[in-house]
Amino acid sequence: MFSLTGVNRELVANSFKTLEREMRFGRGFVSVDTNDNGDVVITVCAKDLTSLRSLVNGVLKSLYLIFKVEELG
């Protein structure tokens, strides 16, 4: 589970909402929610270590790209 504070909540949440479908397969999935504190919570669930590694790498790469694009804008 990743909990992001002090970020553009709408940008991260909306970006991951579109990516959720791409990060869902038979052995794992990624979901995104926001909590009452204004944090974005990204949850990664997988049935095995290989699937978990794949999903975590996808989440980290996506976050990196989202933040880089935000810097450019």
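This dialogue goes through the sheet, the two helices and one loop residue of the structure above.

User: What kind of model is this, and how are its residues numbered?

Analyst: This is a predicted model, in which local features need pLDDT of at least 70 and side-chain atom pairs count only at pLDDT 80 or more, while totals for chains, interfaces and linings use all residues. Residues are numbered from 1 along each chain as its sequence is written, and side-chain values use heavy atoms, with hydrogens and water left out.

User: In what order do the four strands form the sheet?

Analyst: Strands (E, at least two residues) and helices (H or I, at least four) are DSSP runs numbered from the N terminus, and two strands pair if DSSP finds at least two bridges between them. Here the four strands make an open sheet with antiparallel pairing, in the order E1-E4-E3-E2. Because E1 and strand E2 (24-25) stand at the edges, each with a single partner strand, one side of each has no neighbour in the sheet.

User: How many bridges join the paired strands?

Analyst: Three bridges join E1 to E4, and Phe2 has Ile42 in E4 as its bridge partner. E3 and E4 pair over seven bridges, with Val32 opposite Ile42 in E4; five residues lie between these two strands in a hairpin, and Gly38 in its turn has a positive phi of about 90°. E2 and E3 pair over two bridges, where Arg24 stands opposite Phe29 in E3, and a hairpin joins these strands through two residues.

User: Which residues of helix H1 are buried, and why are they on the same side?

Analyst: An α-helix has 3.6 residues a turn, so residues three or four places apart point the same way. In H1 (residues 9-19), the buried residues (under 20% relative accessible area, with a 1.4 Å probe and protein chains only) are Val12, Ala13, Ser15, Phe16 and Leu19. They cover an arc of only 165° around the axis, taken from the directions to the C-beta atoms, which puts them on the same side of H1.

User: What do the buried residues of H1 pack against?

Analyst: With contact meaning heavy atoms within 4.5 Å, these residues pack against strand E1 (2-4), strand E3 (28-34), strand E4 (40-46) and helix H2 (49-72).

User: Is Glu20 buried or exposed?

Analyst: Glu20, found in the loop between H1 and E2, counts as buried at 15% relative accessibility. Leaving aside neighbours within four places in sequence, Glu20 is in contact with Val30, Ser31 and Val32.

Methods: Buried < 20%, exposed > 50% of the residue type's maximum accessible area, 1.4 Å probe, protein only.
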